[in-house]
Amino acid sequence: MPTPTIRAMKRYGPILLAGVLFAMGISALVHLLRPVRPADILAQIHAMPGSALAAALAATAVGYAALVCYDWFGLRFIRHQLPAGVVALGGFLAFAFGNTIGVSAISGGAVRYRLYSAVGLSALEVAAVSAYVAVALGTGLTLVGLAALAVHPHAVASYLPYAAATIQAIAGGLLAAAVIAIAYASIRQRNIRLFRVTLHMPPPRDLVGQIVVTLIDIAAASFALWVLLPAGKPDFATFLAVYSAAIMIGVLSHVPGGVGVFETVVLGVMPAAVPVSDAAAALLLFRLIYYLVPFGLGFLVVALTEARAISHLAQRLLRRLPEPVQPVLSALHGLAPTLVAVVACGFGLYLGLVSLVPSMRSNAMADGDLVALILTRGGALASGLSGLALVALSFGLAQRLRAAFVASIVTLLTGAGIALATGFDIENALILAAGAVVLLPFRSAFDQPSRQGRPPNVPVD
């Protein structure tokens, strides 16, 4: 029998390793961005052409359409068919929420469980689909990344103590061995055993389809970033190899979303002609477009389902959807507390960033005015405290506490008032006020009274 120490290492070791790698990635990213001023990044974002933003959004739509196909292949693998609308909605929401929240295999799997179980899938079948998607996606990204390193080894040569030719040979050898093993197992329908995990390969036709889907996904995502990069960037074919290698390294690091690791690799291989601040602005915009925009669309879908009890417009919009999708819409109610908690935490981090970075606050008051200086400094402190309050309240929101929901709305509106009173910052005030309005339809999801002052497990009268 394993000792308690070994059991603890098996349980917490991967989490600790992911935390260490995340810290290393952030440290390397901070080192690269040390000479960059936040104001320069924000100025570059504001100067981004609308055509580039539109192209990035279109590429993101293509990428997520490709990602939905993984759910279709997963359902095909377990020999279970669902209506196309259900698969499209379930796959999109699983990736939109999973990619943003992090640990996509778990958070996306939780979304799939709620939605697919509403249309008849058992817990075991949903787990099989989620595992299939995670393995297929991770394997596909790794294979494409190895192929990219075999073609373009300079993408990571500066990060490894090996020559480019050595990296090319290792990547090519690993790629060839993996492709041969996977192809053999798929054609002969044999299992592949890795440590204690046994993998059963899909038939060759589905395997080829998955490879095509992965290539479309990576090409679309890399184009979404490439089109945002400034002049002097590598050509698209070269950047596609760089992006593939960066994604593979991010996946293998087990850091949620590859945050820090992915950006470090991309910034490290940019030509000297590309200013670091411009590349950092493109990376930040890419994160916003590829992660937050789909999350926002998914959040609005859930908000519509919550609002149909109080809004005739929401009722009419949802009734127009196909009948097979209706049970899935009803199942979205269970996701509301977690999503509101994530959004509140995001607004809290945003308020903290606003308080720390003066360039994110538009100050319309006169320079040199003592009153304006006091109000500005006081507003920054109040914004920071409001941000901390929202982060703390997100834990209560996850537990469906009514008091936490009311306090979050009040905090967002207070933050909007502070932004107006201390610097006439209309932009941030509108963002925070919109956040409060968007959360209002979710109030029915928070039905638990506060347990403050009561011992745990004691029922409330």
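Visitor: What share of the contacts in the protein with a separation of 6 or more comes from residues 24 or more positions apart?

Guide: In this predicted model, residues 24 or more positions apart account for 70% of those contacts. The secondary structure comes to 17 helices and 2 strands, and buried residues make up 44% of the 461 residues.

Visitor: Why is Thr411 called buried?

Guide: The cut-off for buried is under 20% relative accessible area. Thr411 has 12% relative accessibility, so Thr411 counts as buried. Thr411 is found in helix 16, residues 402-423. Beyond residues up to four places away in sequence, Thr411 touches Ser386, Ala389, Leu390 and Leu393.

Visitor: How do you know that Ile247 is buried?

Guide: By the same kind of reasoning: the relative accessible area of Ile247 is 17%, and the limit is under 20%, so Ile247 is buried. Ile247 is found in helix 9, residues 236-253. Leaving aside neighbours within four places in sequence, Ile247 is in contact with Leu141 and Phe262. Ile247 and Ile218 are 29 residues apart in sequence and 8.8 Å apart in space, C-alpha to C-alpha.

Visitor: Why is helix 10 described as largely enclosed by the rest of the structure?

Guide: Helix 10 covers residues 261-268, and 7 of its 8 residues are buried, so the description follows. The buried residues are Val261, Phe262, Glu263, Thr264, Val265, Val266 and Leu267.

Visitor: Which residues of the largest nonpolar core touch the most other members?

Guide: Of the 95 residues in that core, they are Leu225, Leu228, Tyr243, Phe262, Phe286 and Phe442. Helix 11, residues 276-307, gives the most to this core, with 13 residues. A second, separate core has 14 residues, including Leu149, Ala150, Ala171 and Ala185.

Visitor: What does Leu228 touch, not counting residues up to four places away in sequence?

Guide: Leu228 touches Met48, Ala52, Leu53, Ala56, Ala282, Leu285, Phe286 and Ile289.

Visitor: What makes helix 3 and helix 11 oblique to each other?

Guide: The axes of helix 3 (residues 50-77) and helix 11 come within 10 Å and cross at roughly 50°. Angles under 35 degrees count as roughly parallel, and 65 to 115 as roughly perpendicular. The crossing angle fits neither range, and the two helices are therefore oblique. Helix 3 passes helix 11 in a right-handed crossing.

Visitor: Which residues make the contact of helix 3 with helix 11?

Guide: Helix 3 provides Leu53, Ala56, Leu57, Thr60, Gly63, Tyr64 and Leu67, and helix 11 provides Leu285, Ile289, Tyr290, Tyr291, Val293 and Pro294. These residues divide into 11 nonpolar, 2 polar and no charged.

Visitor: Why is Arg79 called exposed, and what is the sign of its phi?

Guide: Exposed requires over 50% relative accessible area. Arg79 has 76% relative accessibility, so Arg79 counts as exposed. Its phi is positive, about 60°, although Arg79 is not a glycine. Most residues other than glycine have a negative phi. Arg79 lies in the loop between helix 3 and helix 4 (84-101).

Visitor: Why is Arg400 called partly exposed?

Guide: Buried is under 20%, exposed is over 50%, and partly exposed is in between. Arg400 has 22% relative accessibility, so Arg400 counts as partly exposed. Arg400 is found in the loop between helix 15 (370-398) and helix 16. The phi of Arg400 is near 65°, a positive value in a residue other than glycine.

Terms used:
Residues numbered from 1 in each chain as written. Predicted model: local features only at pLDDT ≥ 70, side-chain atom pairs only at ≥ 80, totals over all residues. Heavy atoms only, no water. Core = buried A, V, L, I, M, F, W, Y, C linked by side-chain atoms within 4.5 Å. Buried < 20%, exposed > 50% of the residue type's maximum accessible area, 1.4 Å probe, protein only. Helix = DSSP H or I, 4+ residues; strand = E, 2+ residues; numbered from the N terminus. Contact = heavy atoms within 4.5 Å. Axes fitted to C-alpha atoms, helices over the stretch in contact; angles between N-to-C directions. Parallel < 35°, antiparallel > 145°, perpendicular 65-115°, else oblique. Left-handed = near helix turned anticlockwise from the far one by under 90°. Nonpolar A, V, L, I, M, F, W, Y, C, P; charged D, E, K, R; others polar.
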